[in-house]
Amino acid sequence: MNTQLAGTGALLRLALRRDRVMAPVWILVVAMLVLSLPGSLESVYGTAAERERLLATMTANGSLRALYGPVFGDSIGALTAWRGGVFAGLLAGVMSLVIVVRHTREEEESGRQELLSAAMVGRRAPLTAALLAALTANAAAALLVTAGLAGRGAAGALALGLGIGATGMLFASLAAIAAQLTESARLAKGLTGAFIGAAFVLRAAGDAGAPDGGSALTWISPLGWLEHVRAFAAERWWVLALFAAASAAQLVAAYALAARRDVGMSFLPARPGPARGRLGSAGALAWRLQRGALLGWSLGFLAAGVVFGGMTDGATELVGDNARTREIIERMGGQAGQAGQAGQGVLADAFLATMAGMLAMVAALYIVSAVLRLSAEESGQRAEPLLANAVGRLRWAGGHLAVAFGGSALILLLAGLGLGIGHGEDIGGAVAATLGQLPAVWVIGALAALLHGAAPRFAVAAWAVAGAALALGWVGPALNLPQAVLDLSPFAHLPKLPGGQDPSWAPFVALTALAAALLAAALTALRRRDLAA
């Protein structure tokens with residue numbers, strides 16, 4: 001065996017064991033995002049005439065193409081690839097970057113990699129094991145998608161499954177490069193995440209201007225390549241070669257960079273400096289550590305709000321007189337039963353309320369990541385030296401929690417502004433719609449804080465809580481799940497704005513009080529336990 005790869009098998013088994021909860025959750029989310037679609041699409045576009053009208057509408061509607069991409073066929077399989085392919089590829093990319101960075105840069109940052117490297121472990125083994133763990137996860141997701149859609153057409157199912165898996169591996173190899181360039185896992189994730197966001201923006205801009213997806217901007221983006229695999233619509237197998245070539249080139253670069261640096265070092269080191277002035281307090285340090293991520297989320301939410309607001313008129317046109325689609329949007333927007341009263345006006349309000357709710361559920365992912373920065377600081381042994389000085393645990397935790405909870409309010413405020421600007425009407429109502437979902441976001445953030453304070457080893461389960469809320473809000477209404485199941489999400493208890501029923505203050509007060517109680521319990525538990533080793 002090549003001594004450079006010695007120990008790869010053992011490290012891979014260790015990585016898979018550490019990911020035994022996280023990876024299956026990610027795999028199921030990626031797969032179910034696609035597999036939940038055929039049934040609902042068949043109920044919405046059950047006839048050939050309805051599917052033909054959808055194709056005609058999408059061809060003429062640039063704003064909807066920017067979100068979902070062009071439609072290349074009128075079968076249920078082709079509509080499934082259109083509706084879920086890009087988003088599944090995006091999630092596969094996020095899953096891959098989390099896995100690769102976790103088993104490379106995070107291991108070095110915590111000091112564990114240095115201990116492992118002192119044993120019989122080859123220089124390239126850690127990176128290889130991380131990439132194989134990502135390959136395993138992407139292969140599992142691809143297999144589930146292929147098996148679940150095989151009844152719609154074996155070739156199309158295989159093409160879509162391979163496309164999603166290949167997209168994930170392309171971003172895994174990109175994360176491997178970022179892990180060599182940066183000094184911290186946070187920066188490596190942020191850099192790779194920025195490239196994933198740029199890929200989505202390029203694809204969206206290209207698809208908005210070209211009904212057939214033939215824009216050069218679309219072809220620059222790997223998510224655009226995923227579209228052009230054209231699953232269930234005269235598959236283009238040669239597009240998969242683009243993924244293979246790009247991934248191979250990035251892997252060569254990653255291994256070359258890994259061979260030219262020491263463990264724990266990087267090519268883009270962080271700037272050193274004394275902690276004085278604006279860095280002289282625990283809160284200021286928390287702000288310094290989290291401001292970059294908050295800036296990225298803020299810009300992304302503002303842009304997403306503008307895009308979704310601009311889609312409102314096109315969405316109502318797409319729905320037309322399709323009763324099933326109207327029912328789903330109205331149910332997600334909390335305005336079911338009013339369609340006959342105000343027609344398109346109610347539908348537009350329901351669509352805006354739906355988008356406000358979806359943005360709020362994504363904001364739950366931000367607040368979880370910001371709160372769990374406490375876990376990263378503690379497990380990385382950076383909290384202990386800080387707390388050994390004249391800094392109490394509550395001040396230390398309070399700084400990060402203030403950024404997390406205040407930051408979630410900021411990004412929802414910007415999302416509301418974007419919705420109002422994009423729609424061109426009632427900016428105040430759009431802002432109220434997004435901020436109205438804030439108590440539910442805070443409840444999920446407080447649950448993450450409680451997990452960190454009481455059971456730090458299981459704090460990662462906060463991601464499952466946020467993911468479950470997102471899944472219930474995204475696919476629950478389309479699958480017509482019972483209200484009792486939907487009520488498991490805190491978002492289900494808040495009035496949907498704009499429009500709908502007159503809002504009552506009771507759910508806002510109740511959820512805010514619940515979040516405060518959970519935070520109090522979290523801080524109490526944090527004060528009483530030992531720091532994680």
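Residues are called buried when their relative accessible area is under 20%, exposed when it is over 50%, and partly exposed in between. The close-up views below are all drawn from a predicted model, in which a search of the whole structure finds nine salt bridges.

**View 1. A salt bridge between R18 and E107 links distant parts of the chain.** The closest N and O atoms of R18 and E107 are 2.8 Å apart. R18 belongs to helix α1 (residues 8-18) and E107 to helix α7 (residues 105-110), so that the two partners stand 89 residues apart in the chain. With a relative accessible area of 26%, R18 is partly exposed because this value falls between the limits of 20% and 50%. E107, in contrast, has a relative accessible area of 5% and is therefore buried.

**View 2. R152 and E42 meet through their side chains in a salt bridge.** The distance from N to O in this pair is 3.3 Å. R152 is found in the loop between α9 (125-149) and α10 (154-181), while E42 is part of helix α3 (residues 37-44), and the pair therefore ties together parts that are 110 residues apart in sequence. R152 is partly exposed, its relative accessible area being 38%, and E42 likewise counts as partly exposed at 38% relative accessibility.

**View 3. R373 and E377 form a salt bridge within helix α20.** The closest N and O atoms of this pair are 3.0 Å apart. Both residues lie in the helix that spans residues 373-379, where a separation of four residues corresponds to about one turn. R373 is buried, with a relative accessible area of 11%, and E377 is buried as well, with a value of 6%.

**View 4. R203, D207 and E227 take part in a network of salt bridges.** Side chains of opposite charge can pair when their charged atoms come close. Here the network links three residues, namely R203, D207 and E227.

**View 5. Q250 in helix α14 makes a polar contact with S173.** Helix α14 comprises residues 239-258, and Q250 counts as buried because its relative accessibility, 16%, is under the 20% limit. The polar contact between the side chains of Q250 and S173 has a length of 2.5 Å. When neighbours within four places in sequence are left aside, Q250 is in contact with L170, S173, L174 and I177, and S173 thus appears both in this list and as the partner in the polar contact.

Definitions and conventions:
Residues numbered from 1 in each chain as written. Predicted model: local features only at pLDDT ≥ 70, side-chain atom pairs only at ≥ 80, totals over all residues. Heavy atoms only, no water. Salt bridge = Lys/Arg side-chain N within 4 Å of Asp/Glu carboxyl O. Helix = DSSP H or I, 4+ residues; strand = E, 2+ residues; numbered from the N terminus. Buried < 20%, exposed > 50% of the residue type's maximum accessible area, 1.4 Å probe, protein only. Polar contact = N/O pair within 3.5 Å; in protein donor to acceptor, adjacent residues only side chain to side chain. Contact = heavy atoms within 4.5 Å.
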